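Here's a quick walk through a structure you may not have met before. Have the sequence and the 3D view handy, and follow along as we go.

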Amino acid sequence: ASDVYKRQVYGTAKIQFAKNARTISNAGIGGALELFDRVDYKSATRDLRKKINIKSIIALETKKKPEKRVIVSINPDLLDYFGHYYRFDLKLLDCTQLKDVGFLSLSHKDVSYSLAAKFPHIIPCFTEKSYEVGLRNMDSDSVETVFEKELLQGINDVRKHCPDAIFYEFFMYCGSYPHLKAMYNILEKFTSSRIKIRFHLHLFYPSFEKAFNKNSESYRNCLFSEIIPNKALMIYGGTNQFLALLSKLPNVSNHNPRYLPCSSTTYSDGEQPFYREMHKDSKENLSICYPGNLRPEKGLTVTLDSLLAIKNDRYFKNHKIVVRPSRNTDNIEIIDLYRCVLGNRVNWIDDDLSDSDFKVLIASSDIIVVPYSDEAFALRPSGLFSDAIMMSKPVLAVKGTSMANFIETYGNGAVFDPSNVESFIAKLKYIIDNSERVSLACNLARITWSKENTWEKFYETLIR
């Protein structure tokens, strides 16, 4: 009870300090904490806390105006932290706080108490089966059925939280075909309702890989055939390459799929300058960081081979190598074998990182290696790449990926051939030897990326 009271006091103090009662009315007291935590209000809150009591908190809650429009994030794997891709929940929360728009997030049923307490806009809703099985199994009717049932319950919960709303905008990132069919089925049930619901589904490329295979013509012809175009069902692709392929599928063009980049950076807008300034000093001993999980589609083989090559090349003897492996992998034995060979030359991060730890890791690194394969990332973006760009860090990426296309245009790093470790070493040396030129290119890339990937644009797409 004491901790809850402290959260309420801090949240209310932040609102009073900012003189913005709309923030609290949109998302609740705890929902304002993300913004509150970014600035040091301690000096102000010491005096304010003496004047604040529970009655004043209740008074603020009861005075709120009903929102006419509510944006709802469908976030089935939200459990104990917002994570890389779903950081945009917090950014949408910030964005909606500035407008007469409500915001809620439908999470996993087992979402942690601490997260739900801090962010009261979270509504537990989904089970594991609603999400993970459907990502790579496009034909799973069971996923469609379970997801539809749980989402319908989530919609009812949202309406209870916001009974006066007229428009409900539901957005899901990394959705697959069963999710799309479930949303279509739900819309069919609401055709005669005066409640206005619209779904926005950001399609996950790997769940559609089968449709792009040369020998899958019959499958392509069936895909989307049972879904009649509906203005209340919007579909999006995260890269122009994926969108172009998607639009060529039979029955898809009538759905008017759109390009919607997700700048899924871990950093909140107000934090970015702070972290960039904190770690911008030039150093003789550089930190070369592999922050992605070590899995086959994320460059397991090329990572291990390149680490051995770096260890054996005296050029890198004074540079620090940091690797963040994942224990949740079937390849742990081969990783442990390489760890024995590499010895203490590599700094391994084995602990789970909080969002704050991850931000420091990226910001304090000098070169970010994203060895993700072209097979998995030719048509999809990477949150790590977005993080590196926003911190003005040079990136080493695999030829043929969406990241490589950007680097080749703006020069914010280098592109290497994953089948040739000598190519990796040569491009890594290029980044180090041409640090001033690459640094200028990184700043230009950040400015360009920021213009194209703004949360204001993302928000406007959802409500237009």
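K181 and E144 join their side chains in a salt bridge, at 3.2 Å from N to O. (A salt bridge here is a side-chain nitrogen of Lys or Arg within 4 Å of a carboxyl oxygen of Asp or Glu.) The pair ties together distant parts of the chain: K181 sits in helix α10 (residues 177–189) and E144 in helix α9 (residues 141–161), 37 residues apart. Helices (H or I, at least four residues) and strands (E, at least two) are DSSP runs, numbered from the N terminus. K181 counts as buried because its relative accessibility is 10%, and E144 is buried too, with a relative accessible area of 13%. "Buried" means under 20% relative accessible area, "exposed" over 50%, and "partly exposed" in between (1.4 Å probe, protein chains only).

Before going further, a word on what you're looking at: this is a predicted model, where local features need pLDDT of at least 70 and side-chain atom pairs count only at pLDDT 80 or more, while totals for chains, interfaces and linings use all residues. Residues are numbered from 1 along each chain as its sequence is written, and side-chain values use heavy atoms, with hydrogens and water left out.

Back to the charged pairs. Side chains of opposite charge can pair when their charged atoms come close. The structure holds 6 salt bridges, and three of them are set out here.

| Salt bridge | N to O distance | Citation |
|---|---|---|
| R69 and E169 | 2.6 Å | side chains meet |
| K181 and E144 | 3.2 Å | side chains meet |
| K429 and D313 | 3.0 Å | closest N and O atoms |

Take R69 and E169, whose side chains meet in a salt bridge. This pair also links distant parts of the chain, with R69 in strand β1 (residues 69–74) and E169 in strand β4 (residues 167–175), 100 residues apart. R69 counts as buried at 19% relative accessibility, and E169 does so at 4%. They don't act as a lone couple on the list, either: R69, E169 and R198 are linked in a network of salt bridges.

Then there's K429, which forms a salt bridge with D313. Here K429 belongs to helix α20 (residues 421–433) and D313 to the loop between α14 (300–311) and β9 (320–323), with their positions 116 residues apart in the chain. Is K429 buried, exposed or partly exposed? K429 is partly exposed, given its relative accessible area of 24%.

Now for a helix that is well covered. Helix α18 (residues 383–390) has 8 of its 8 residues buried. They are G383, L384, F385, S386, D387, A388, I389 and M390. What lies over them? The cover includes α13, α16 (355–364), β11 (367–370), β12 (395–398), α19 and α21 (435–452).

Two of those covering helices are worth a visit. In helix α19 (residues 402–410) you'll find S402, which is buried, with a relative accessible area of 14%. Leaving aside neighbours within four places in sequence, S402 is in contact (heavy atoms within 4.5 Å) with T239, Q241, F377, A378, R380 and P381. In helix α13 (residues 272–278) there's F274, and F274 is partly exposed, at 49% relative accessible area. The C-alpha atoms of F274 and A363 are separated by 9.8 Å, although the two residues are 89 apart along the chain.

On the outside, I334, L337 and V341 make a nonpolar surface patch of about 250 Å². V341 lies in helix α15 (residues 332–342) and is partly exposed, with a relative accessible area of 48%. Patches are made of residues with over 30% relative accessible area and no salt bridge, with like charges joined within 9 Å and nonpolar side chains (Val, Leu, Ile, Met, Phe, Trp, Tyr) within 5 Å.Finally, the overall picture. The protein chain's secondary structure comes to 22 helices and 13 strands. Of its 464 residues, 55% count as buried. Among contacts between residues at least 6 apart in sequence, 76% join residues at least 24 apart. The chain's accessible surface comes to about 21,500 Å², and 50% of that belongs to carbon and sulfur atoms. Accessible areas come from the Shrake-Rupley method with a 1.4 Å probe, and for residues only the protein chains shown count as cover.
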